[in-house]
Every structure is written in structure tokens, then in C-alpha cells.
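Visitor: I have a structure in front of me and would like to learn how to read its features one by one. Could you take me through them, giving the general idea and then the case at hand?

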Amino acid sequence: MKFLENPALESLSTALCLETMDSQIQCKLESYSCKMTGTDKRLLKTISHENGADIQALSPPQTLYGSPAPLTTSPTFYPRSLSSDGSPTVSSMLPLPLTCDRRTLSYLMATLNASFQPDYDFSDAKSHEFSREPSVECVKSSVRTTMATPASEHFVRLETVLWKTLHEEIDLSDCEIYSYNPDMESDPFSEEGTLWSFNYFFYNQKLKRLVFFSCYAVSMSMCQDADVSGFSTGDGGMTWELDEEMMVD
């Protein structure tokens with residue numbers, strides 16, 4: 001995976017990081033080309049060797065359930081859109097395959113490696129640690145709900161420009177969306193003091209590009225005297241502002 005510089009995403013990453021009374025919220029938005037490096041090719045070869053099947057079973061969507069459920073390779077019906085109160089609409093219930101091919105799985109793992117190297121290695125991650133999400137609307141609703149308590153006013157100011165910038169980079173209307181379920185043992189989201197996290201991958205196969213959106217909160221008592229591995233906190237973790245022109249729709 002090749003990191004693609006994008007000043008707008010970098011500014012948003014910084015702006016979304018902030019400190020509350022009891023936690024420090026760390027966010028990153030990164031764009032990657034799906035052109036495979038030598039390391040990525042070796043990772044794909046390892047996945048192929050360990051599991052000869054091209055189709056990999058995933059966990060059910062986190063945006064709807066938030067916890068693991070039995071794996072299945074059969075398409076399951078999930079809502080592709082939500083009503084105004086956040087509940088599924090019956091007319092939007094469409095089959096969602098809870099699988100991906102091993103090349104796509106290797107992209108997700110390689111993105112995590114590129115984003116968190118050298119502190120963490122996700123080369124041994126399993127397919128059930130990832131989920132396929134039903135729609136952009138479901139992800140938007142889940143992110144909004146997660147951010148509501150710790151940073152409601154702050155996130156509301158940035159929400160529109162966030163999704164606009166992501167759409168300009170990756171074309172959200174033509175993306176497959178995946179999420180990562182922390183294994184709670186060997187990744188940055190299992191560190192002591194972590195309160196919550198979410199990790200989304202917006203994969204556009206036509207553009208051969210992937211955008212990674214990761215955010216998590218750490219108890220303030222655990223990060224008073226140390227940075228949080230893998231995340232940039234900007235000016236000592238304090239909130240940065242987006243340029244004024246970026247706030248214009």
C-alpha cells in the first residue's frame with residue numbers, strides 16, 4: 001500500500017483530535033493506493049498459503065450490532081439505509097455478502113500495517129476480525145452516535161466537511177466499506193485505558209484506492225505524560241481548527 005498525501009485529510013485528522021475532561025480522542029484519516037509493495041505481496045501469499053479458499057468469512061456489521069456473531073458465507077439481509085430516528089427501513093433490506101476475497105483482506109491488513117508500523121503488526125489478523133458494513137449512511141450514523149457524548153458540538157461543526165472531503169477523495173457512492181474488530185490483545189485499541197474505538201476502510205475498487213478512518217479515545221489518566229502510539233496529537237493533543245475555506249459547503 002502506498003500512502004497518498006492529502007492536505008485536506010491531514011487537516012481533518014488534526015481537527016478531529018481533541019481533549020475532553022476525561023479522555024483524549026485520537027483520529028486519523030489516511031488515503032492509500034492499492035498498488036502492492038513487496039511486503040504486501042508476501043502478505044497475500046501468506047494468506048493464500050494458510051487458507052486456500054479465495055472467499056474469506058467476515059463478522060456481521062459492527063454498525064448494526066457492535067459485537068461478534070456467528071460467521072457465515074451466505075448473504076444476509078441488512079438495511080442499506082436508516083430512517084430519521086436511526087432505525088432500519090424495511091424497504092432498504094437487501095442482501096449483504098459477509099465475505100471478501102483474500103486480496104481485499106490483504107489490502108485491509110496491509111493498510112493497518114502501513115498506518116501503525118512499526119509499533120504494531122497485523123499480519124496475523126484473521127478474517128473474522130473484519131466486517132463488511134451495509135452502507136455509508138449506517139457508518140455515518142454509527143460515527144455520529146459514538147462521537148455524540150464526548151465531542152458532540154465539536155463533531156457537529158466538522159461532520160459535513162468530513163464526509164464531503166471523504167467523498168471527494170474516494171467517491172463514497174462507489175465504495176465497499178469494511179471495519180476492523182480489535183482483537184483486544186495485540187493492537188493499539190487493546191492498550192490499557194482505551195475507552196472506545198472505530199476503524200473503517202472505504203475501498204473503491206475502480207480507483208484502486210482505500211481511505212482509512214480510525215478514531216479512539218483514551219482515558220486522560222493514562223495519557224497525561226505520554227503520546228498514544230500510532231496517532232499524531234498535533235499541538236500537544238489540543239484541538240486544531242480547519243482552514244475557513246474548508247468549512248464552506
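Guide: Let us begin with strand pairing, bearing in mind throughout that this is a predicted model. The idea is to look for bridges between two strands and then to ask in which sense the strands run; here strand E8 (residues 130-133) is joined by four bridges to strand E9 (residues 176-180), and the two run antiparallel.

Visitor: Which residue of E9 stands opposite Ser-131, and which stands opposite Glu-133?

Guide: Ser-131 stands opposite Ser-179 in E9, while Glu-133 stands opposite Ile-177. Ile-177 also leads on to another strand, since its bridge partner in E10 is Phe-202, and E9 and E10 pair in the antiparallel sense over four bridges.

Visitor: Are the faces of E8 covered or open?

Guide: To read the faces of a strand, take the residues on each side in turn and ask whether they are buried, which means under 20% relative accessible area. In E8, Phe-130 and Arg-132 lie on one side and Ser-131 and Glu-133 on the other, and all of them are buried, so that both faces are covered. E9 is mostly covered, with four of its five residues buried.

Visitor: How should I read a helix, and what does the end-to-end distance of H3 tell me?

Guide: The idea is to set the distance between the end C-alpha atoms beside the span expected at 1.5 Å a residue. H3, with 15 residues, reaches 21 Å from its first C-alpha to its last, close to the 21 Å expected. Because 12 of its 15 residues are buried, H3 is largely enclosed by the rest of the structure; among these buried residues are Thr-104, Tyr-107, Leu-112 and Phe-116.

Visitor: What does the comparison give for H4?

Guide: H4 has 35 residues, yet its end C-alpha atoms are only 12 Å apart, short of the 51 Å that a straight helix would reach. When such a shortfall appears, the next step is to look for a bend along the helix, and in H4 there is a kink of about 125°, centred on Ala-151.

Visitor: What follows H4, and what is its phi?

Guide: H4 is followed by Asp-171, whose phi is positive, near 60°, although Asp-171 is not a glycine. Asp-171 lies in the loop between helix H4 (136-170) and E9, and at 27% relative accessibility it counts as partly exposed.

Visitor: Where is Lys-208, and what should I notice in its backbone?

Guide: Lys-208 has a positive phi of about 55°, and it too is not a glycine. The residue sits in the loop between strand E10 (194-204) and strand E11 (209-219), and its relative accessibility of 60% makes it count as exposed.

Visitor: Which peptide bond is cis, with omega near 0°?

Guide: For this feature one reads the omega angle along the backbone, and the bond from Gln-117 to Pro-118 is cis, with omega near 0°. Pro-118 is placed in the loop between helix H3 (102-116) and E8.

Visitor: How do I find a pocket, and what lines the largest one?

Guide: Rolling a probe the size of a water molecule over the atoms shows where empty space is left. In this model the largest pocket has a volume of about 280 Å³, and it is lined by 15 residues, of which Thr-39, Asp-40, Asn-113, Gln-117 and Ser-123 lie nearest its centre. Helix H2 (38-50) and H3 each supply at least two residues of this lining, and the largest share, five residues, comes from H2. Two of the names have come up already: Gln-117 begins the cis peptide bond, and Asn-113 is one of the buried residues of H3.

Visitor: What surrounds Cys-215?

Guide: For a single residue, it helps to find its element, then its burial, then its contacts with residues further along the chain. Cys-215 lies in strand E11 and is buried, with a relative accessible area of 0%. Leaving aside neighbours within four places in sequence, Cys-215 is in contact with Ile-25, Gln-26, Cys-27, Met-147, Trp-196, Ser-197 and Phe-198.

Visitor: How many helices and strands are there in the protein?

Guide: There are four helices and 11 strands, and buried residues make up 48% of the 249 residues. Of the contacts with a separation of 6 or more, 72% are between residues 24 or more positions apart.

Key:
Residues are numbered from 1 along each chain as its sequence is written. This is a predicted model: local features need pLDDT of at least 70, side-chain atom pairs count only at pLDDT 80 or more; totals for chains, interfaces and linings use all residues. Side-chain values use heavy atoms; hydrogens and water are left out. Buried means under 20% relative accessible area, exposed over 50%, partly exposed in between (1.4 Å probe, protein chains only). Two strands pair if DSSP finds at least two bridges between them. The bend at a residue is the angle between axes fitted to the seven residues ending there and the seven starting there. Contact means heavy atoms within 4.5 Å. On a 1 Å grid over the protein atoms alone, a cavity is a set of points where a 1.4 Å probe fits but cannot get out, and a pocket is an open set with protein on both sides within 12 Å along at least five of seven lines; lining residues have an atom within 4 Å of a point. Grid points are joined across faces, edges and corners, and a volume is the space filled by probe spheres set on the points.
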